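Open the model in a viewer and keep the sequence panel visible. The tour below goes from one selection to the next and says what is found at each stop.

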Amino acid sequence: MSDSTLILLAAGEATRFKRPVKKQWLRIGAEPLWLHVAQKFAKMSRFEKIILVGHADEIGHMRAISHLPLLFVEGGSSRQASLRNALSIVDTSLVMASDVARPCVNTDICDELFAAIAQADCAVPALPVTDTVYYKGKPIDRSEVLRIQTPQLSRTKKLKEALKGDKEFTDESSAIADIGGRIAFVGGDESLYKLTFKEDIKKVSCLEKPDTSKLFTGTGFDVHAFEENRRMVLGGVQIDVPYGFKAHSDGDVALHALIDALIGAAGMGDIGEHFPDTDAKWAGSDSAKLLRHIVHKIYHFGYDIIHADITIMAQKPKLSPYKEPIRRRIAKILSLPPERVNVKATTTERLGFVGREEGVAVQASATLGFFDWSAR
C-alpha cells in the first residue's frame, strides 16, 4: 500500500443524463455504480483510505448501504468544490481522483500513473485526437492535442496549492499546470469512457446489467385522529366532510402510510427521518408533495416502483365513492398505470378507536425492483 488516498467524485446532479435514475445510482448487478467503482479501486490495495464524495441528499443512504470502509464527504456546488471538500481530510503525499462516471477501472493505467508521478506533480491518462481539429475557425495541428481522462494522480501538497484560488478548472492537471507544475502523460484507453448522456451507456462495455430478479417489499402504517373544522384530504383526494385530521402536515394518513412503505422497500429509514414534525417547514405540508419528493428520490436511487396496495380502515367517513379517485391520484404520483395500484376500504366492525369514529388507520405495502437501464 502506497502513501496515497483515493477520492471518488459522485456528487453531481447528472442533469444531462436524462434518465429517472441518476447515473451514479445505476445498478450494476445489485450494487449502485458508485459502490461498484469503489470496490474495483479497493481491490488494488494501493490506498490508505478511499473518500467518496456524495450529494448532500444522498450521502446518508450511501453511508447506510456501503459495505466498504469508505470515508464519506459532502459534495459542493461544482466538481472543484467537491474535490476541495475531500482534500481537506487528505494527509497522504499522493492523491488520486476519479469520477465514478468513468466506471471501467483500468489497473494497468493506475500502475503507470504511480510510476510516472516520480518525475512529475501530476500524472494523467491521455489519448491522441484522430479527427481534424479546428480552434476559433482555423485548423490546428492535432498531433499537439490530447484528450485527458481520469483517474489522475497528484502530489497532494501541489494540488491543494493549485486549488487555493477562485479560478475554476475542469480537472486536476489543468489546475496544477496553471501554477507551473509538471504534468506526466501516460497512455489512456477508450474504455475509460465517461457517462454523460443516456446514450453513453451503450459505449461502456464493462457494466453488468441490473439484477432485475430482485424485488423489495416495504410496509407502512399510520393513524390520525379527527379534528373538527379542518379540510380532510385522504389519498391525495379531498373528502367532503366537515372535519379533517389532527396532524403537523395536512394529515393525509393514506399517503403517509404509503410513503413509509416506499421508504421501507428502499431501505431509506422512515417518514420521520425525511420529514420530522419538529421542523416548522413541514407544518401544514401537502402530503402529495411529500410523496412526490420520496418517489423522485426512489427513482434517482435506481429503483422502479412496481406495485402499491393500500388498506384504509375507517368507520367514517364512507369511502366507497372515493376509492377510485384515490387509486388514480396515487397512480399518477407514482408514475404507474392504475392497475398497479390497489386501494381497499374497510370498517373495524365498531371495534377500537376507528370503530368509535375517533380517527382513521391505514396500512400500505409497496414493491420495488431495480431500474433496468439495459432495456431502455
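The stops cover pockets, cavities, aromatic rings and a few backbone details of this predicted model.

**Stop 1: the largest pocket**

Select Gly12, Ser78, Arg79, Asp99 and Lys194, which are the closest to the centre of the largest pocket among the 33 residues that line it. The volume of this pocket is about 810 Å³. Now colour β1 (4–10) and α3 (79–87), the elements that give two or more residues to the lining. The most comes from α3, with 3 residues. Colouring the lining of the largest pocket by class should give 9 nonpolar, 15 polar and 9 charged residues.

**Stop 2: the second largest pocket**

Next, select Ser249, His256, Ile271, Phe275 and Asp277. Of the 16 residues lining the second largest pocket, these are the closest to its centre. The space in this pocket is about 280 Å³. Show β13 (215–228), α7 (253–266) and α8 (271–274) as cartoons, since each supplies at least two residues of the lining. Here β13 gives the most, with 3 residues. The lining of the second largest pocket divides into 7 nonpolar, 6 polar and 3 charged residues.

**Stop 3: the cavities**

Rolling a probe the size of a water molecule over the atoms shows where empty space is left. How many cavities of 30 Å³ or more does a search of the whole structure find? The search finds 2.

For the largest cavity, select Arg79, Gln80, Leu83, Leu163, Phe169, Thr170, Asp171 and Glu172, which line it. About 40 Å³ of space lies inside. The element that gives the most to this lining is α3, with 3 residues. Arg79 was already selected at the largest pocket, where it is one of the residues closest to the centre, and Arg79 also lines the largest cavity. By class, the lining of the largest cavity has 3 nonpolar, 2 polar and 3 charged residues.

For the second largest cavity, select Phe41, Ser98, Arg102, Cys104, Val105, Asn106, Thr150, Pro151 and Leu192. The volume of this cavity is about 40 Å³. Its lining has 5 nonpolar residues, 3 polar and 1 charged. Keep Phe41, Thr150 and Pro151 of this lining on display for later stops.

**Stop 4: aromatic rings**

A pair of aromatic rings is described by the distance of the centres and the angle of the planes. The structure has 10 aromatic pairs. Add Phe47 to Phe41: the ring centres are 6.4 Å apart and the planes stand at 65°, so this pair is edge-to-face, the cut-off for that class being over 60 degrees. Are these two residues buried or exposed? Phe41 is buried, at 1% relative accessible area, and Phe47 is buried as well, at 7%.

Then select Trp25, Trp34, Phe72 and Phe301, which form one aromatic cluster.

Two arginines sit over rings. Arg27 lies over the face of Tyr303, 4.9 Å from the ring centre. The charged end of Arg46 is placed over the ring of Phe114, at 4.1 Å from its centre.

**Stop 5: a histidine in α1**

Select His36, which lies in helix α1 (residues 33–42). With a relative accessible area of 14%, His36 is buried, because buried means under 20%. Apart from neighbours within four places in sequence, His36 is in contact with Ile28 and Glu31.

**Stop 6: backbone details**

Most residues other than glycine have a negative phi, and most peptide bonds are trans. The remaining selections depart from this.

Return to Thr150 and Pro151, which are joined by a cis peptide bond with omega about 15°. Pro151 is in the loop between β10 (146–148) and β11 (152–155). Then go to Lys316 and Pro317, where the peptide bond is also cis, with omega near -5°. Pro317 belongs to the loop between β17 (303–313) and α10 (323–334).

Ser335 is not a glycine, yet has a positive phi of about 60°. Look for Ser335 in the loop between α10 and β18 (341–346). Ser335 is exposed, with a relative accessible area of 57%.

End at Arg350, in the loop between β18 and α11 (352–355). Arg350 is likewise not a glycine and has a positive phi, about 65°. Its relative accessibility is 53%, so Arg350 counts as exposed.

Note on methods. Residues are numbered from 1 along each chain as its sequence is written. This is a predicted model: local features need pLDDT of at least 70, side-chain atom pairs count only at pLDDT 80 or more; totals for chains, interfaces and linings use all residues. Side-chain values use heavy atoms; hydrogens and water are left out. Rings of Phe, Tyr and Trp (its six-membered ring) pair if their centres lie within 6.5 Å; planes under 30 degrees apart count as stacked, over 60 as edge-to-face and the rest as tilted. Buried means under 20% relative accessible area, exposed over 50%, partly exposed in between (1.4 Å probe, protein chains only). A charge sits over a ring if NZ of Lys or CZ of Arg is within 6 Å of the ring centre and within 35 degrees of the ring normal. On a 1 Å grid over the protein atoms alone, a cavity is a set of points where a 1.4 Å probe fits but cannot get out, and a pocket is an open set with protein on both sides within 12 Å along at least five of seven lines; lining residues have an atom within 4 Å of a point. Grid points are joined across faces, edges and corners, and a volume is the space filled by probe spheres set on the points. Helices (H or I, at least four residues) and strands (E, at least two) are DSSP runs, numbered from the N terminus. Ala, Val, Leu, Ile, Met, Phe, Trp, Tyr, Cys and Pro count as nonpolar, Asp, Glu, Lys and Arg as charged, and the others, Gly among them, as polar. Contact means heavy atoms within 4.5 Å.
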